[in-house]
Amino acid sequence: MERKYFLKSLGVGTVFALTFPCLQGCSKDDGGKDTDENPNPTGVDFTIDLNSSESVKLKDNGGFILKKKVVVAKNLEGKFVAASQICAHQQTEEVRFTSNDGGVFHCSSHGARFNQEGKPLNSVTANTLKIYKTQLTGTTLRIFE
């Protein structure tokens with residue numbers, strides 16, 4: 001059976017249902033621009049025992065750890081800060097804390113940089129990085145929204 005007759009026998013609705021998702025998916029191209037999607041972790045509320053082995057890197061200023069898609073860092077002044085590990089530019093999970101320029105969040109995917117309040121520091125993106133609250137009680141650090 002020839003393709004034309006086969007498609008005709010399926011009916012227009014079936015052909016549309018089969019081809020529309022492909023055309024939609026194949027035509028999507030964000031051209032490297034920011035997206036409006038929000039893949040940031042939500043409902044964030046967890047604690048870290050600063051005496052535990054998982055928190056060893058938080059003992060020194062400039063150190064950071066990754067937990068539950070959140071970058072938890074001890075900035076250069078000794079204050080704890082936390083931000084989404086997911087970049088505000090194209091939602092890659094490459095955000096880390098670096099002690100360069102006084103301590104910034106940096107995404108290695110496209111070079112986006114953010115200050116500790118989440119404000120973009122270069123022209124890679126105009127979107128802000130999601131920042132979480134921190135609260136230190138004794139040796140327990142709480143990260144929450």
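Among contacts in the protein between residues at least 6 apart in sequence, what percentage join residues at least 24 apart? In this predicted model, the figure is 41%.

**Figure 1. Overview of the protein and its order of helices and strands.** The protein contains two helices and nine strands. Along the sequence, the elements follow the pattern α-α-β-β-β-β-β-β-β-β-β, with both helices preceding the strands. The protein has 145 residues, of which 33% count as buried. Its exposed area is about 9000 Å², and carbon and sulfur atoms account for 52% of that area.

**Figure 2. Close-up of K67 in strand β2.** Strand β2 covers residues 64–67, and K67 belongs to it. Is K67 buried or exposed? The relative accessible area of K67 is 18%; because the cut-off for a buried residue is under 20%, K67 counts as buried. Two polar partners of the K67 side chain can be located in this view. One is the backbone oxygen of T47, which the side chain of K67 reaches at 3.3 Å. The other is the side chain of E54, with which the side chain of K67 makes a polar contact at 3.3 Å. When neighbours within four places in sequence are left aside, the residues in contact with K67 are F46, T47, I48 and E54. T47 and E54 thus appear both in this list and in the descriptions of the side chain of K67.

**Figure 3. Close-up of Q85 in the loop between β4 and β5.** The loop that holds Q85 follows β4 (80–84) and leads to β5 (95–98). Q85 has a relative accessibility of 9% and counts as buried. Which residues is Q85 in contact with, leaving aside its neighbours within four places in sequence? They are L66, K69, V70, V71, T92, E93, E94, V95 and R96. Of these, V95 and R96 fall within the range of β5 (95–98).

**Figure 4. Close-up of the open sheet formed by β5, β6 and β7.** The three strands are arranged in the order β5-β6-β7, and their pairing is antiparallel. β5 and β7 (113–114) stand at the edges and have a single partner strand each, so one side of each has no neighbour in the sheet. How many bridges join β5 to strand β6? Four bridges link β5 to β6 (residues 104–107), and the two strands run antiparallel. Within this sheet, R96 stands opposite H106 in β6. R96 is also one of the residues in contact with Q85, the buried loop residue of Figure 3.

Notes. Residues numbered from 1 in each chain as written. Predicted model: local features only at pLDDT ≥ 70, side-chain atom pairs only at ≥ 80, totals over all residues. Heavy atoms only, no water. Buried < 20%, exposed > 50% of the residue type's maximum accessible area, 1.4 Å probe, protein only. Contact = heavy atoms within 4.5 Å. Areas by Shrake-Rupley, 256 points an atom, 1.4 Å probe, with all protein chains shown as cover. Polar contact = N/O pair within 3.5 Å; in protein donor to acceptor, adjacent residues only side chain to side chain. Pairing = 2+ DSSP bridges.
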